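Welcome to this short tour! Please open your viewer and get ready to select a few residues one after another.

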Amino acid sequence: MSEDTKVKAELRESFGKGFARRLRAAGKIPAVIYGHGTDPVHVALPGHQVSLIIRRANALLELDIDGKDQLALVKDVQRDPVHQIIAVSYTHLTLPTNRE
């Protein structure tokens, strides 16, 4: 993947409206990564970088979560009509392996 789609994500341990507001005030976006057969992963992403990436249709991101790379495709974006992106949902992608 190119460097412009690589994003450093931080795992979130706290949830709720108040915590999400504090994240947005700090310039971050709360996000959830859903995957088939896996538990959802709650992360915080850098706001400006992610907003530039998801302008493109079908944006594919390479998320660095605690040193582990994970591919994610934008599933849903919630926006405030006046201010900013409120939240983002992603779908975890697994690349197929070659079978011989």
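Which residues does Asp64 touch, not counting residues up to four places away in sequence? Select Asp64 and look around: Lys6, Val7, Lys8, Ala9 and Asp69 are the ones in contact, where contact means heavy atoms within 4.5 Å.

Before going on, a word about what you are viewing. This is a predicted model, in which local features need pLDDT of at least 70 and side-chain atom pairs count only at pLDDT 80 or more, while totals for chains, interfaces and linings use all residues. Residues are numbered from 1 along each chain as its sequence is written, and side-chain values use heavy atoms, with hydrogens and water left out.

**Colour by confidence**

The predictor's confidence in each residue is called pLDDT and runs from 0 to 100. Its average over the protein is 79, and 81% of the residues score at least 70. Strand E3 (residues 38–46) has the highest confidence, with a mean of 87, and strand E6 (residues 85–93) the lowest, with a mean of 69. Where pLDDT is low, the predicted coordinates should not be read in detail. Strands (E, at least two residues) are DSSP runs, numbered from the N terminus.

**Back to Asp64**

Asp64 sits in strand E4 (residues 60–65). Is Asp64 buried or exposed? Asp64 is buried, which means under 20% relative accessible area (exposed is over 50%, partly exposed in between; 1.4 Å probe, protein chains only). Asp64 has no salt bridge, that is, no side-chain nitrogen of Lys or Arg within 4 Å of a carboxyl oxygen of Asp or Glu. The nearest side chain of opposite charge belongs to Lys8, 4.2 Å away; Lys and Arg count as positive, Asp and Glu as negative, and His and the chain ends are not counted. Now add Gly67: the Asp64 side chain reaches its backbone nitrogen at 3.1 Å.

**Follow the strands**

Next, select strand E1 (residues 6–11), which runs parallel to E4 and is joined to E4 by four bridges. Lys6 has Glu62 as its bridge partner in E4. E1 is also joined to E3, by two bridges, and these strands run antiparallel. Here Leu11 is partnered with Val43. Strands pair if DSSP finds at least two bridges between them.

**Last stop: a loop**

Finally, pick Asp66, in the loop between E4 and strand E5 (68–79). Asp66 is exposed, with a relative accessible area of 58%. Its phi is near 50°, a positive value. Most residues other than glycine have a negative phi.

Note on methods
A polar contact is a pair of N or O atoms within 3.5 Å; within protein, one must be able to donate a hydrogen and the other to accept it, and residues adjacent in sequence count only if both atoms are side-chain atoms.
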